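Visitor: Please give me a close look at just one part, chain B. I'm new to this, so keep it friendly and explain the terms as you go.

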Amino acid sequence: MTEQVGAQPVSAHKDPVVIAFANEVLDGFSDVCRSLRYATFLTDDGFEVASIAGDEKQNRRVASMASSMQALGDAVAKDLRIGGAEYIIIAAETGYVIQMRVPEHAMVLAAHFDAAETVGKALSVARLAASNMRTLVQEKAA
Amino acid sequence: MAEHVILFAGPMGAGKTTAIESLSEIETIRTEATNTDRETADKDTTTVALDYGEITVGDEDKVRLYGVPGQRRFNFMWTILKERAVGLVLLVNNDAADPIEELDAFLEEFGELHEKGGIVVCVTRSDVAATPYLDKYAERIREVMPGRMIPVFTADARNGDQMRTALMSLIANIEMTAMIADSQERAA
Ligand SMILES: Nc1nc2c(ncn2[C@@H]2O[C@H](COP(=O)(O)OP(=O)(O)OP(=O)(O)O)[C@@H](O)[C@H]2O)c(=O)[nH]1
Ligand SMILES: [Mg+2]
């Protein structure tokens, strides 16, 4: 289980500052990566913090499903005693979904790329977005 | 007899994860996440995918116990796990805002499991909230699923013995349903 930031009184999806951070990071994310179709930050328990593209209903659904996926990934990794799940990739015919935790926070990034992107590039930009989010939230807490 | 898959469903904080933990003979698989919805249930974590445990019944029958997330936004997991199940332990916490309404909602979602094997209802946390009494649950069950045999128990999800009693009554029901189906098939 990841730790919450300090004694954060408001959870991320209800905190306007965190939501603004998430939007900022996602905007930068789509600027550097044209093949990004969709991205969302969600709380570990599946509430949408912020998203780019997608409609409201879809965003909520993606957030719930990504949260389940993340937890299942962690459960498998734990059961095999291989440490925490670093990222999860779903490769489909016309694109793929990458998701990973914002380091040290109860928050997850889920991003959908079209098949034009290489997995390596997609992974590295997703990592960057997650780590930028971490930095912003950390600075706020400090 | 085939291996049974039993589903544990019910509202957030009813005790599904706790019940499977109390019953399981293996180390359970959990998918708990930090709970940010403290208004609905004031606890640290909530299930976001599933719980899994196993218990042996009789000499060798293995029963697989699956818990679902209680929050409706995870209802895609309900659909996935419902497919495999032959029986339902429906847990309702008596201290919910409107437990009878919860009973109703979950019977609507999972009521079909009665036809697949059976349902048992466990009312938890009645030490926290004394009412509604069991007869209110029984009454509502009669209204929404008339003519079905659905036992109602009070049980503490933390108590393995109490949960086992409820589970055994469900399994007896499932086996009966299977036997009846079997004999009908043979008669046809
Ligand atoms: N006092 C009391 N506490 C109970 C009883 N049954 C369960 N609990 C507690 O109620 C809480 C139930 O939490 P969980 O087992 O996480 O509930 P859940 O149904 O899995 O909830 P979600 O996964 O969030 O849907 C735990 O803290 C249990 O210890 C009971 O009969 N009395
Ligand atoms: Mg649970």
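Guide: Of the 188 residues in chain B, 51% count as buried (under 20% relative accessible area, with exposed meaning over 50% and partly exposed in between, using a 1.4 Å probe and protein chains only). Keep in mind that this is a predicted model, where local features need pLDDT of at least 70 and side-chain atom pairs need 80 or more, while totals for chains, interfaces and linings use all residues. Residues are numbered from 1 along each chain as written, chains are lettered from A and ligands numbered from 1 in written order, and side-chain values use heavy atoms, leaving out hydrogens and water.

Chain B has six helices and eight strands (DSSP runs numbered from the N terminus: H or I of at least four residues for helices, E of at least two for strands). Its radius of gyration is 16 Å, close to the 16 Å from the globule rule for 188 residues, so chain B is as compact as a globular protein of that length (the radius is taken over C-alpha atoms, and the rule is 2.2 Å times the number of residues to the power 0.38).

Now for the metal. Thr17(B) and Thr47(B) are the protein donors of the magnesium ion (ligand 2), each through OG1, at 2.0 to 2.1 Å (donors are N, O and S atoms within 2.8 Å of the metal, or 3.2 Å for Na, K and Ca; water isn't among the atoms, so sites may look incomplete). The two sit 30 residues apart, with Thr17(B) in helix 1 (residues 16-23) and Thr47(B) in strand 3 (residues 45-47) of chain B. Both Thr17(B) and Thr47(B) are buried.
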